[in-house]
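Thanks, everyone, for making the time this morning. I would like to walk you through one model, starting at its metal site and working outwards, so please have the sequence and the structure open in front of you.

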Amino acid sequence: MWRELRPIGRHPESGGYRRFAWTGADAECRDWFEAQASARGLTYEVDRNGNQWAWLGDPVEGDAVVTGSHLDSVPDGGAFDGPLGVVSSFAALDELRARGARLDKPVGVVNFGDEEGARFGLACVGSRLSAGRLTVEEAWRLTDGDGVTLPQAMEAAGYDPEGIGADPERLARIGAFVELHVEQGRALGLSGDAVGIASAIWPHGRWRFDFRGEANHAGTTRLVDRRDPMLSYAETVLAARREARLAGAVATFGKISVEPNGVNAVPSLVRGWLDSRAEDQETLDVVVAAIEEAARDHARAGGVELDVVRESFTPVVEFEHALRDEIARILGREADLKVPVLGTGAGHDAGILSGRVPTAMLFVRNPTGVSHSPAEHAAEDDCLAGVTALADVLEGLARR
Ligand code: GLV
Ligand code: MN
Ligand code: MN
């Protein structure tokens, strides 16, 4: 499976993946998913939001056990964030068949569309729509950097955008959703464990800061005469770092667009996107308010106008304790594993579904912790330990 996925959407120079929603690379990933389903004789379906499902047994029976993740990537992402969960899901089904496991409930594998939000700016669009956490009107307004809207992109990829929206009936068939994911930190590396269980996902959001100044000549405009939005932006980046450090949170400006984007022109507009996350909502609110206040002070001092728009927000997710404890029990019994339980600052479809469906996550050790980068890695032995753990969990949950 890895061999087939490896070249899809891989940039020849960076070695990173550019698998953005509803592009050609995304279509190739989707074709791969469908082929994996068909090779195993699973029932394949695409839901109204373009999420792909592969079923062993009939989901209409209900109380289904579902696993899966996503196949799209951030710009120049690694091979594991998303695909490890999907590959492990199919591998776990193979393992269960090889064991002759008794599965009393339907078992499904899902590939959620557009998890990273790399193209339209909003993460987890597929699961958000299905869970009713994104309205159809909001989804129709999503636009990529080239001015292409989400419905236009879906249509160009051969999907019908008219049908998108909440899918409570499909979600109601699921008794448990377990997403396996590469760890995006070093907790397992430090504890010496191959596999962990998620406790919670930090609250997180994205804010767009528009600094508007005045375009002018870089050679002839005296420094005192400039209204330079790049300067206010740069001061805001430093303030974000300081506020996050003081609060024990994280804050990142990872994307920027500049107009007119000329080397020899003072910019007229600098648009920067802030991603900020913290362990609890109160801390996050304090950090973002402090960053915004600093941005306003710097903008005012520089004669620059500022607009701040919150583009998305995901509240804290505390995974259901009963399912989490059940999984720890299964792993303790089947594999004699005492599995660490850890929180994460990364967002996931499992977090979006939580509250609608009992959800849980398994993490696989990432020795360096590096993620959202071509250097993201997990050792083969650890990936295999993840597959075995996932198979144990699916088997345990699928018994009546
Ligand atoms: C997704 O990986 C996110 O946490 O932004
Ligand atoms: Mn990611
Ligand atoms: Mn992911």
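Let me start with the manganese ion that is ligand 2, whose protein donors are Asp-81 through OD, Glu-116 through OE twice, and His-372 through NE2, lying 2.0 to 2.7 Å from it. By donors I mean N, O and S atoms within 2.8 Å of the metal, or 3.2 Å for Na, K and Ca, and since water is not among the atoms, sites may look incomplete. Along the chain, the donors of this ion follow the spacing D-x34-E-x255-H. Glu-116 sits in the loop between strand 4 (107-112) and helix 4 (125-131), while His-372 sits in the loop between strand 15 (359-364) and helix 13 (380-397), so the pair ties together parts that are 256 residues apart in sequence. Helices and strands here are DSSP runs numbered from the N terminus, with H or I over at least four residues for a helix and E over at least two for a strand.

Before going further, I should say that this is a predicted model, in which local features need pLDDT of at least 70 and side-chain atom pairs count only at pLDDT 80 or more, while totals for chains, interfaces and linings use all residues. Residues are numbered from 1 along each chain as its sequence is written, chains are lettered from A and ligands numbered from 1 in the order in which they are written, and side-chain values use heavy atoms, with hydrogens and water left out.

Now to the second metal, the manganese ion that is ligand 3, which is coordinated by His-70 (NE2), Asp-81 (OD) and His-181 (NE2) at 2.0 to 2.2 Å. Its donors follow the spacing H-x10-D-x99-H, and Asp-81 bridges this ion and the manganese ion that is ligand 2, the two lying 3.6 Å apart. Asp-81 belongs to the loop between strand 3 (64-70) and helix 3 (83-99), and His-181 to strand 5 (residues 174-182), so this pair ties together parts that are 100 residues apart in sequence.

Are these donors buried or exposed? Both Asp-81 and His-181 are buried, where buried means under 20% relative accessible area, exposed means over 50%, and partly exposed is in between, with a 1.4 Å probe and protein chains only. Glu-116 also counts as buried, at 7% relative accessibility, whereas His-372, at 40%, counts as partly exposed.

Glu-116 and His-372 also bring us to ligand 1, because the residues around it are Glu-116, Arg-277, Ala-346, Gly-347 and His-372, a residue being near a molecule or strand if one of its heavy atoms lies within 4 Å of it. As for polar contacts, which are pairs of N or O atoms within 3.5 Å (within protein, one must be able to donate a hydrogen and the other to accept it, and residues adjacent in sequence count only if both atoms are side-chain atoms), a polar side-chain atom of Glu-116 lies 3.1 Å from an oxygen atom of ligand 1. A side-chain N or O atom of Arg-277 is 2.7 Å from an oxygen atom of the ligand, and a backbone N or O atom of Gly-347 lies 2.6 Å from one. Taken alone, ligand 1 exposes 200 Å², of which the protein buries 93%; these areas come from the Shrake-Rupley method with a 1.4 Å probe, and for residues only the protein chains shown count as cover.

Let me finish with the strands. Six of the six residues of strand 15 are buried, so this strand is largely enclosed by the rest of the structure; Thr-359, Met-361 and Phe-363 lie on one side, and Ala-360, Leu-362 and Val-364 on the other. Strand 5 pairs with strand 15 in the parallel sense over six bridges, pairing requiring that DSSP finds at least two bridges between two strands, and Val-178 has Ala-360 as its bridge partner. Strand 6 (residues 195-201) runs antiparallel to strand 15 and is joined to it by three bridges, with Gly-196 opposite Phe-363.

Strand 2 (residues 52-56) has four of its five residues buried, so it too is largely enclosed by the rest of the structure. Strand 2 pairs in the antiparallel sense with strand 1 (residues 43-46) over four bridges and with strand 4 over five bridges, where Trp-55 stands opposite Gly-108.
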